[in-house]
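Subject: Structure handover and findings

Hello,

Here is the structure I said I would pass on. My notes on it follow below.

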Amino acid sequence: DQLCLLQPLGSGGFGSVYKATYHGVTVAVKQVKKSSKNRLASRQSFWAELNVARLQHANVVRVVAASTCAPASQDSLGTVIMEYVGSITLHHVIYGTGDAWGQGKDDEGSCRRKALGMQEAVCYSCDIVTGLAFLHSQGIVHLDLKPANVFITEQGTCKIGDFGCSQKLEEGLSQSPHVCQQGGTYTHRAPELLKGERVTA
């Protein structure tokens, strides 16, 4: 009764995301599905999402709650409840896809893409760098940072989300490349990962 799913927002390799209400507050809910092909990876994805639990920052999507309880009828490892920041990502804004509010209509009434201005680009970049600096100060590396994982609120603030590939580094140490290279988007990997080097924050 505390959690009520409203509508699907999207789906990915390890689960689906829904708009929902939790104790009357609008939230986003990610249900991490069990993977028959790679059970270890799906479990790692769920627990990786919780690397940012209890952290609060203006440029990081906040985790509200999480649970490993799921009905037997659901093929789910667990549920992660996050603050709702909308469904517009930096990918939508850059490429003019989805229902990005960066789109408008021309004189003939057809949709056109609004180019990303210099001021917006600088503001978005500052938000992302600020969010990353905070995460790194907490010993967390995202490992899948890309436009599709940067959400833009109605107020124009960028928030880094989707921590399913993230790693929590031990203090003073870095993770081995074998651990950190699981998952993530190959075309957006950090140079040190592509070179097989250790990851540091």
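A definition is needed before the loops can be placed: strands here are DSSP runs of at least two residues in state E, helices are DSSP runs of at least four residues in state H or I, and both are numbered from the N terminus. On that basis, Asn149 falls in the loop between strand S8 (140-141) and strand S9 (150-152). Please keep in mind throughout that this is a predicted model.

Overall picture

The protein chain has five helices and 11 strands. Of its 201 residues, 36% are buried. Its accessible surface is about 11800 Å², and carbon and sulfur atoms hold 50% of that. Among contacts in the chain with a separation of 6 or more, 52% are between residues 24 or more positions apart.

Strand pairing

I went through the strands from S1 to S5. Strand S1 (residues 3-12) and strand S2 (residues 15-22) run antiparallel and are joined by eight bridges. Within that pair, Gln7 is opposite Lys19 of S2. S2 is also paired with S3, again antiparallel, through eight bridges. Lys19 appears here too, with Ala28 as its bridge partner in S3. S2 and S3 make a hairpin with two residues between them, and His23 in the turn has a positive phi of about 55 degrees.

S3 in turn pairs with S5 in the antiparallel sense, over seven bridges. Ala28 has Met82 as its bridge partner in S5. On the evidence of these bridges, Ala28 is partnered with Lys19 and with Met82. S5 also takes S4 as an antiparallel partner, over four bridges, with Ser67 bridged to Thr79 of S5. Strand S5 (residues 76-83) is mostly covered, with seven of its eight residues buried.

Lys30

Which residue does the UniProt annotation "binding site" cover? The annotation, which comes from an unreviewed entry, covers Lys30. Lys30 sits in strand S3 (residues 25-33). Lys30 has a relative accessible area of 9%, and buried means under 20%, so Lys30 counts as buried.

Leaving out residues up to four places away in sequence, Lys30 touches Ser16, Val17, Glu49, Gly78, Thr79, Val80, Met82 and Asp162. With Glu49 there is also a polar contact, side chain to side chain, at 2.5 Å. Two of the residues touched by Lys30 have already come up: Met82 as the partner of Ala28 and Thr79 as the partner of Ser67.

Two buried asparagines in loops

Asn149, placed above, has a relative accessibility of 5% and therefore counts as buried. A polar atom of the Asn149 side chain lies 2.8 Å from the backbone oxygen of Asp144. Setting aside residues up to four places away in sequence, Asn149 touches His142, Asp144, Lys159, Ile160, Gly161 and Asp162. Asp162 is also on the list for Lys30.

The other is Asn59, in the loop between helix H1 (39-49) and strand S4 (63-67). Asn59 is buried, at a relative accessible area of 5%. What does the side chain of Asn59 reach? The side chain of Asn59 reaches the backbone oxygen of Cys158, at 3.0 Å. Not counting neighbours within four places in sequence, Asn59 is in contact with Asp127, Thr130, Gly131, Thr157, Cys158, Lys159 and Ile160. Of these, Asp127 is 68 residues from Asn59 in sequence, while the two C-alpha atoms are 6.1 Å apart in space. Lys159 and Ile160 are in contact with Asn59 and also with Asn149.

Aromatic rings

The chain has one aromatic pair by the ring-centre rule. The ring centres of Phe46 and Trp47 are 5.0 Å apart and the planes stand at 75 degrees, so the pair is edge-to-face. Is each partner buried or exposed? Phe46 has 3% relative accessibility and therefore counts as buried, whereas Trp47, at 52%, counts as exposed.

Regards

Note on methods: Residues numbered from 1 in each chain as written. Predicted model: local features only at pLDDT ≥ 70, side-chain atom pairs only at ≥ 80, totals over all residues. Heavy atoms only, no water. UniProt positions renumbered as here; feature names shortened; annotations may be inferred. Buried < 20%, exposed > 50% of the residue type's maximum accessible area, 1.4 Å probe, protein only. Contact = heavy atoms within 4.5 Å. Polar contact = N/O pair within 3.5 Å; in protein donor to acceptor, adjacent residues only side chain to side chain. Areas by Shrake-Rupley, 256 points an atom, 1.4 Å probe, with all protein chains shown as cover. Pairing = 2+ DSSP bridges. Phe/Tyr/Trp six-rings, centres within 6.5 Å; stacked < 30°, edge-to-face > 60°.
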